[in-house]
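Here is a short report on one protein chain and its ligand site. It starts with a strand pair and works outward to the sheet, the core and the ligand.

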Amino acid sequence: MAMVTLSSFSASVVLTRGGQTGKSSRSFFFKPLLIFSSRFVTLKSTFATKMLASSTAFVKTKPDSISDAKEASTSKIILACPICYDQLISKGDPILSVDSAPRSSLQCSTCMKAYLGNDTHIDLTVASGAKEYGEAMPASTELFRSPLISFLYERGWRQSFSIWGGFPGPEKEFELIKEYLKPVLGGNIVDASCGSGLFSRLFAKSGLFSLVVALDFSENMLRQCYEFIKQEKSFPKENLILVRADIARLPFPSRSVDAVHAGAALHCWPSPSAAVAEISRVLRPGGFFVATTYIVDGPYAALPLLGPLRQSIGQISGSHIFLAERELEDLCNACGLVGFTSKRNRRFVMISATKPS
Ligand SMILES: C[S@@+](CC[C@H](N)C(=O)[O-])C[C@H]1O[C@@H](n2cnc3c(N)ncnc32)[C@H](O)[C@@H]1O
């Protein structure tokens, strides 16, 4: 439940939350303080959040379209500086949405670094704005920055995961994700490493979240996401923002995010432990992490050379081959997440874990 007190210039929100921890059962596959002022960057309340305002300055917020949400929070995300993790102050359009990105001008309240939006997204990488300095990421990150891969991604590449990996396909995956996220529906969600926004767009269109942040390191993936959005008439652009950021340096304050989804991305991250630690940092107590990836187990895992081979592949490509579910569970636990669950289908696995409340 959230209690909001409004004055003419600022509002403070005290959130009482008691999110549930994750299910500890392992199931096999498919049976089926937010304080804000007018100066800080805040994001508009949309479908999922309905303001029930009395004529006085007392406002209560309540999830609208979500009947089974137990403790849906109604927080918005305040974007943070990826260097200081402190709030960004808006110098341009104070409301962030897909459409307002070109007018966005944000500044860190501590280091004073400025972050600007371009036609499609806001760049919140640490090196944004650098003129001379450039830094190459590992191949598994750089590959997706290519315009060609970004163009092809939802035009066949992603679909191929179902054929050779056992991914159930976007519709089924979306249904499973929603099941996991029931306790936090109505809150905000970060679609981490969103690619061209396959799931970010579904999250936004579902109206189940107060805000969706589509986040990726690839400028071209974000541009492609913007193009897909532009092609759809009546797309709900007001509850979605496109942000460029590194998964290991998330531009959100600690404990500010209700849910993080990461589809088919864990194995592409340069350091899964640095990434999951960041996700754990930004999740609020009771917040959920849901992700899909591949596992190479079964008869392959017994091959004696697979361990060293995996390390060599990882060093060259930057990608990570998981050999067992227990590795993923260990990773989540090591990063302070609890209640690990997993669903499998061949190489595909969907995992969830929660920030302890
Ligand atoms: C296989 S795609 C997954 C896209 C989408 N989430 C899906 O479910 O299809 C992996 C994504 O991870 C992103 N990625 C790789 N390294 C990253 C990093 N260091 N920070 C943020 N995103 C990264 C890539 O740009 C790419 O869009």
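Strand 15 (residues 338-345) and strand 16 (residues 348-354) run antiparallel, joined by 6 bridges. This is a predicted model. Two of the partners in strand 16 can be named: T341 has S352 as its bridge partner, and V338 has T354. The two strands form a hairpin with 2 residues between them. There, R346 takes a positive phi near 55°.

Strand 16 also pairs with strand 14. That pairing is antiparallel too, with 7 bridges. F288 stands opposite T354 of strand 16. Strand 14 in turn is joined to strand 13 by 5 bridges, and these two strands run parallel. Here A262 has A291 of strand 14 as its bridge partner.

The table collects these pairings.

| Strands | Direction | Bridges | A facing pair |
|---|---|---|---|
| strand 15 and strand 16 | antiparallel | 6 bridges | T341 and S352 |
| strand 14 and strand 16 | antiparallel | 7 bridges | F288 and T354 |
| strand 13 and strand 14 | parallel | 5 bridges | A262 and A291 |

Now the whole sheet. It is open, has 8 strands and shows mixed pairing. The strand order is 9-12-11-10-13-14-16-15. Strand 9 (122-123) and strand 15 are the edge strands, each pairing on one side only. Helix 5 (residues 219-231) packs on the sheet, where it touches strand 11 (211-216) and strand 12 (240-244). The direction of helix 5 makes about 160° with that of strand 12.

How many residues of strand 16 are buried? The strand is mostly covered, with 7 of its 7 residues buried. F348, M350, S352 and T354 point one way, while V349, I351 and A353 point the other way. Both sets are buried.

Next, the nonpolar core. The largest one has 80 residues. V212, L242, V260 and F289 have the most contacts inside it. Strand 14 gives this core its largest share, 6 residues. Which residues does F289 touch, leaving out those up to four places away in sequence? They are V260, I279, L283, L337, S352 and A353. Two of these, S352 and A353, were listed above among the buried residues of strand 16.

I279 leads to helix 6 (residues 272-282), where it is one of the buried residues. The others are P272, A275, V276, E278, S280 and V282. What covers the buried residues of this helix? The cover includes strand 10 (188-192), strand 13 (257-262), strand 14 (283-294) and helix 8 (325-334).

A separate case is S90, in strand 6 (residues 88-90). Why does S90 count as buried? It has 21 C-beta neighbours inside 10 Å, and the cut-off is 20 or more, so S90 counts as buried. S90 and A114 are 24 residues apart along the chain, yet their C-alpha atoms are separated by 9.7 Å.

The ligand site comes next. There are 21 residues around the ligand. T141, F144, S193, G195 and G263 come nearest. By class, the shell has 13 nonpolar, 5 polar and 3 charged residues.

Last, the overall count. The protein has 8 helices and 16 strands. Of its 357 residues, 43% count as buried.

How values were computed: Residues are numbered from 1 along each chain as its sequence is written. This is a predicted model: local features need pLDDT of at least 70, side-chain atom pairs count only at pLDDT 80 or more; totals for chains, interfaces and linings use all residues. A residue is near a molecule or strand if its C-beta atom, placed from the backbone, lies within 6 Å of it. Ala, Val, Leu, Ile, Met, Phe, Trp, Tyr, Cys and Pro count as nonpolar, Asp, Glu, Lys and Arg as charged, and the others, Gly among them, as polar. A residue is buried if 20 or more other C-beta atoms lie within 10 Å of its own, exposed if 12 or fewer, and partly exposed in between; C-beta atoms are placed from the backbone. Helices (H or I, at least four residues) and strands (E, at least two) are DSSP runs, numbered from the N terminus. Two residues are in contact if their C-beta atoms, placed from the backbone, lie within 7 Å. A nonpolar core is a set of buried Ala, Val, Leu, Ile, Met, Phe, Trp, Tyr and Cys residues joined through C-beta atoms within 7 Å. Two strands pair if DSSP finds at least two bridges between them. Axes are lines fitted to C-alpha atoms, for helices over the stretch in contact, and angles run from 0 to 180 degrees between N-to-C directions.
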